[in-house]
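Student: I've never looked at this one before, and I'd like to start with something hidden. Could you take me through one enclosed space inside it, and then show me what else is worth a look along the chain?

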Amino acid sequence: MADEILSEFQNHPESWHRVDAILENSKSQNTKFLALKILENAIKFRWKSILKEQREAIKDYVLSVVILTSKDEVLFRENSLLLQRLNGILVEILKHEWPHNWKDFIPDIITSSETSETVCENSMVLLRLLSEEIFDFSDGNMIQSKIYDLKQNLNKEFSEIWKLFEAIFQNSQNVSLINSSLRTLRVFLSWVPIGYILETQIIEYLSKKYLSNIETLNYSLKCIIEIASIEPEEGQYDGRLVFLFGQTMEMISQYIKSELEVENYYEKGNDDDREFIQNISLFITIFLRNHLHIVEKEKLLDEIVSSLRILIGVSTVNNIEIFKICLDFWYFLSKNLFDEKINSVSIINTSSLDLGSSFGGMGRGNNNNGMNNNNNRSERMNAYSEVLPDVRRLLIEKMAKPEEILIIENENGELIRERQKDTSNIILYKRMSKTLITLTHLDHKNMEQLMLERLLNEIRNQDWKWSRLNTVCWAIGSINGSMTEKQEKRFLIIALKELLDMCENKNGKDNKAVIASNIMYIVGQYPRFLRNHWNFLKTVLNKLFEFMEETHPGVQDMACDTFLKITHNCKKQFVKKHKNQNTLFVDEIIQRMPEITKLLQLRQKQVFYETMGEMIHVANYGIQEELISRLMVTANDRWKQIFEIAGTNVMSLKKPDICRELVFILRVNTRVASAVGKSFQKQLSFHYQEMIELYSTYSKLIFEYIEERGALVAKSEIIRNMRHVKSQIIILLQTFISKYDGNENFLLVDLIPPFLELILDDYKNNIPEAKEASILSLITIIVAKLKDQVSESIPLVFDSIFECTLLMIRENFEDYPDHRLNFFKLIREINRSCFVSMFLLDTDRFKLIVDCIVWAFKHTERNMSETGLYTTEELLNNINSNENILNDFYSGYYLILLTDIFSILTDTLHKSGFQIQYKILRTMFVLVKTEKITIYLDDNNSFTHKDNSNLILNSISELFLESFNNLNENQIHEFVKQLFNNCENPDKFKTVLRDFLVIMKEFSGDDNSDLFSEEKNQELKQIESLELEKQLLGLKLQQEEDNLDPELQKDFDFF
C-alpha cells in the first residue's frame, strides 16, 4: 500500500509543489531524494508548462538551498549526496533559462565563490556539470540550435571562469577545492581556446605544483593528458609542449625511478597508485603519438627513450586494459619507424638493404614524425633500437591465444565445436601479431634471436610450464610472412627441430600433447614454407594422421583443425603430381581414409570430409566427380544399407541410432557440397530421390505420431530426432543451391520442382511446433539464386506459408523466433530479387505482405525490426522506380506507412533503428514535396484541402495530438513544415527529427511561443558574432554539426 501511495504521488503532475516542504521538514534522506527526483522530472519535462512566476520561484529556491548548504563546511560534507542532486537540478534549470532569462549566472557564481572555499568548491562542481551537459551529454537531450547557443555563451563567459581557476591555483591550499577545480579544468580543456592552456601558467601549476603533491597527483596528470591530446598548428607552441613533456616526465621519475620498479609499485600500491600507473600509460602514449616529431626535433631522443623504458615497465603490469593502451602505442611507434625505413630505401634508391618479401603489404605511410636526412634517420633508428628488443621480448612473453574453440551442446543434444572469431582475446592477438610483424621487419635477426632464446629456455628448463611454451609458440606463429623465404626456412627448421626433440624427450601424454599442438600450430601458420617443401608437407600430414589415431583429449581435434588449415592454404599441392610420385596425394588420402578416421568422433570426421572437399575443389574439373564418388563410398554404402532396412521395416527409421547415422551422412554431404560447389551435382543426384522419399516418410511418421499422442509430444526425443533428419536434408539443399554456379536449368527443372511442393505442403499442414523454420530459409535461398525465374512459384509459396506463419507469430513478439526472422527475411528477398512476382498476387495478398513488413519493423528485437525497416526502404525504392505502379501503391499505403514509421520513431524501444527510419520518412516527404505522387492520397476525402502536404500535416497532427498530450497543434505544424523544407537535405532532415524527439519529452503550456522564440531572438546576434568570437577566443568547435550554416539555423527557429 505504501509503495502504491508513493508511486501515485510521484507520478502526480502537481507533486512538485510539495518538494520544498518535504526538504525542510523530512528527516529521511530517502524521502528527500524522492522529492528531488520529482522536482528534477518536473524541470526536465514540464518546465515550459509551469507559470513564469513559479519558474522564478523554483529557480530562486534551488539556488538558495545550494548556497546555504555549501556555505557551511559541516553541512557541505554531511549532505554531499543531496547537494550533488541539487546541483544536477540547478543545471537542468540552466539548460532552460541560461543565458536569456538568467544572464548573470556565471558572474553570480564567480562572485559567490569568493565567500567561502566550500561555496567555491561547489561552484566548480556546477561549472563541470554544465560543461558536461553542453559538450558531452547534450545529444538527444537538447535541440541542436540550443546546444550551439549554450556553447557560444559558455565560451563568451570563459574569461571570467578562467580568472577563478587562476585565483584558486595561486592562492588555495585546500586539497579538496584544488582537486574539484582540477576535475572541472579537465572537462574544460577539451574545448577551451588553446591560448588559455599554452600561453598561461597553467602548465607550470599542473606539472610542478600539483604533480609533486601525492594528493593532487592523479587529477593533475589527467589534466596533462587532456593537454597532450591537443594538436595546435605546426610550430605554434612547440616549446611549451616540449617543456610540458620534460617537466612531467621529471616529476614521474620522482615516484618511479626505472621500469623495474613499475610492476612492484602497481602490485603493492593502493587504488590511487594503480590509477597513477594507468595515467602514466595514457600520458606517454598520447603525448608521443601526437607530438613525437616535436620532441625529436628538439634533439631529445634520450628523454624519449627514458619515457619508453618507463612505458615498457607499465606494459608489464597485470592489467589488460593498461596493456592494450601500451600495445597500441608500440604498434604506432614500430609502424612509424618501419615507414621511415621504407621511405629511406626509396629515397636513396638502393637494393642493398634486405627488407623481406612482405614489405609491400605493409604500405608506405607519410612519415610526418621522422627526421629529414639520412644521418638523422640513422641516429633516430639507433636511439630506438635500445628499447625495441625489450618491446619484442615483452610481447613474446605476453602473447595472446590465437583463437578460442569451445565445445558446446547444440539444440539436439550433440557436442559441437564452435570457433569464437570476435572475442576480445582474438582482437588482442591480432593487435599483437601486427605489432610483432612490424618489429620483425625492423630487425628480423633480433626477433629470431629472442624467440629462439625464449623457446630454448623452456625446452632446457626442468621447471618448464605449458603456458610459457604456448606463448612463445603463438608468437612464433604470429609473425608468418615477415621474413624472406630463406630467413623463414632457417628460423623454422631450428624451432621445429627443437620442439620435435622436446616432444621426443618429455614424458607424459599431457606434455607430449601440449608440445605436439604447438608444433602443429606453428606449421599451420607458415603455408609458404610448406608449399615450397613438399616432402616436409607430406611428413606433416602423415604426422597429423597419426595424431588422429591418438585418443588423448584434444589431440584429435587439434589434428583435424590443423589438417583443414593447412589444406586451405596449400590445397593445390595435393592435387598435382610431385617428383617420384605416381599418384596424386589426394588419391592416397582417400584410399587410406577408413584407417585414418576409424577412431575419430563424428564431428571430427565431418571436418575431415570438409578438408577433402577443399582439396578436390582445386583438382582438374574433369576428375572432381570421380574423386567425390570415391570419397563418399563409405557414406553412400551406409546410406544404401539404411534404405534396404527401411524397405522391409519403415519403423526402423524411428530408431535414434539410425537417425544419428542419417544426420551424419547428410552432414558430410553438406560439408563436401559446400567445398566443391557444382561438382557435387552427381553425388546429390545419387541421393536425391531417396532424400525426397525420406523427407516424405519422416513427415508422415511425425504427423501420425503427433495425431495419435497430441501436440505435446512434438518436443519429445523421438520427434526431435526425426525432425533433425528433415532439417539436415533442407540444409544440404540450401548449401548446394547457394554454392551452385552451373547451368540454372538443372535447378529450375530437375532439382527444385520435385522437392518444393513436398516441403510447402509439409509446412502448411504441420502443427506449428513441428513446422521446419529451415524451409523458409531454403525458399529464401532459391529466390535469391534464381530471382525472377521463380516468379510464377511465389503465389504457391504465399498460399502455403504466409497465412499459417502469421497465425504463429501475430499474437506477440516472442513465440517462434526462428520462424519469425526467417519469414521476414523471405519477404525481404522476394521484394529484393523477385519484385515482379508481388504483382502477380491479388490485392488482399499484397496487402498481407505489406502488413507483414509493418509487423516486422514493430518488433522490439533489433534484428527483426531492422529486417522490416530495410524491407520497407527497399520496397519504396522499387515502387519509386516504376511510375506505372507508384500512384496506385501510395494511394493505399502512404498514410499507413507514414503513421506506423512515426509510431516507432517516437517509441524508445526502437531507437536503434533511427538511421533507417529517418531515410524512409525522408523518401516519403520528398515524394510529396517534389509532386512525384500525382494523385490525392486521401480516398475518404476527409479533409477539404485537396493538397497532399496539408493532408500529411493534418494526419500527423491527429496522430501526435492523440498520442502525446504534452504537444500542441502549433508545434506539430511547425515540425511538419520543417520536415518538408529540409527533406532534400539528409543531414538537416535528420536533425529536425532528432530535435523534435527531444521536444516531445517536454510538456508545454500557454507560453509555448517561448519554445520557438529564444533561438530566433538570438539568431542574428549569433551569426554576427560568430566570426568575432572565433577570432578572439580561438574557438575550436568539436563536432561538425556545431558549425551550423545560416540556412540551417533559420530552419531551426521554431525550436
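Tutor: Let's start with the second largest cavity, which has a volume of about 40 Å³. Keep in mind as we go that you're looking at a predicted model. Around this space you'll find W162, E166, F169, T200, Q201, I202 and Y205. Two helices, α10 (158–171) and α13 (202–210), each give at least two residues to that lining. The largest share belongs to α10, with 3 residues. What sort of side chains are these, nonpolar, polar or charged? The lining of this second largest cavity splits into 4 nonpolar, 2 polar and 1 charged.

Now set that beside the other cavities. Searching the whole structure turns up 3 cavities of 30 Å³ or more. The largest has a volume of about 50 Å³, and the residues around it are Y688, L733, I737, L751, I752, F755, L756, I759, L778 and I782. Here the lining has 10 nonpolar residues, no polar ones and no charged ones. Three helices each supply at least two of these residues: α37 (717–739), α38 (744–765) and α39 (773–786). The largest share, 5 residues, is from α38.

While you're at α37, look for N721, which sits in that helix. Is N721 buried or exposed? Its relative accessible area is 14%, so N721 counts as buried, the cut-off for that being under 20%. Setting aside the neighbours within four places in sequence, N721 is in contact with P656 and C659.

Just after α39 comes K787, in the loop between α39 and α40 (794–809). K787 isn't a glycine, yet its phi is positive, at about 50 degrees. That's worth pausing on, because most residues other than glycine have a negative phi. As for its surroundings, K787 is partly exposed, with a relative accessible area of 41%. You can find a similar case at K299, where phi is near 60 degrees and the residue is again not a glycine. K299 lies in the loop between α17 (271–297) and α18 (301–315). With 53% relative accessibility, K299 counts as exposed.

There's a backbone oddity to see in another loop as well. Between W98 and P99 the peptide bond is cis, with omega near 0 degrees. P99 lies in the loop that runs between α6 (80–97) and α7 (105–113). For comparison, most peptide bonds are trans.

Further along is α8, residues 117–136, a good helix for checking some simple arithmetic. Its 20 residues, at 1.5 Å a residue, should span 28 Å, and the end C-alpha atoms are 27 Å apart, which agrees. This helix is mostly covered, too, since 17 of its 20 residues are buried.

Let's finish with charge. Side chains of opposite charge can pair when their charged atoms come close. How many salt bridges does the structure hold? There are 49. One of them joins R77 and E73, whose closest N and O atoms are 3.8 Å apart. Both residues belong to α5 (residues 73–78), 4 residues apart, or about one turn of the helix. An α-helix has 3.6 residues a turn, so residues three or four places apart point the same way. Each partner is partly exposed, R77 at 35% relative accessibility and E73 at 47%.

A similar spacing turns up in α43 (residues 862–880), where E866 and R862 are 4 residues apart, about one helical turn. They form a salt bridge as well, with the closest N and O atoms 2.9 Å apart. E866 is buried at 18% relative accessibility, whereas R862 is exposed at 51%.

Other pairs reach further along the chain. D328 forms a salt bridge with R431, the closest N and O atoms being 3.9 Å apart. D328 is in helix α19 (residues 320–348) and R431 is in helix α23 (residues 424–442), so this pair ties together parts that are 103 residues apart in sequence. D328 is partly exposed at 33% relative accessibility, and R431 is partly exposed at 31%. Last of all, try picking out E259, R309, D390 and R393, which are linked in a network of salt bridges.

How values were computed: Residues numbered from 1 in each chain as written. Predicted model: local features only at pLDDT ≥ 70, side-chain atom pairs only at ≥ 80, totals over all residues. Heavy atoms only, no water. 1 Å grid on protein atoms, 1.4 Å probe; cavity = no way out; pocket = protein on both sides within 12 Å on 5 of 7 lines; lining within 4 Å. Points joined across faces, edges and corners; volume = space filled by probe spheres on them. Nonpolar A, V, L, I, M, F, W, Y, C, P; charged D, E, K, R; others polar. Buried < 20%, exposed > 50% of the residue type's maximum accessible area, 1.4 Å probe, protein only. Contact = heavy atoms within 4.5 Å. Expected span 1.5 Å × (residues − 1). Salt bridge = Lys/Arg side-chain N within 4 Å of Asp/Glu carboxyl O.
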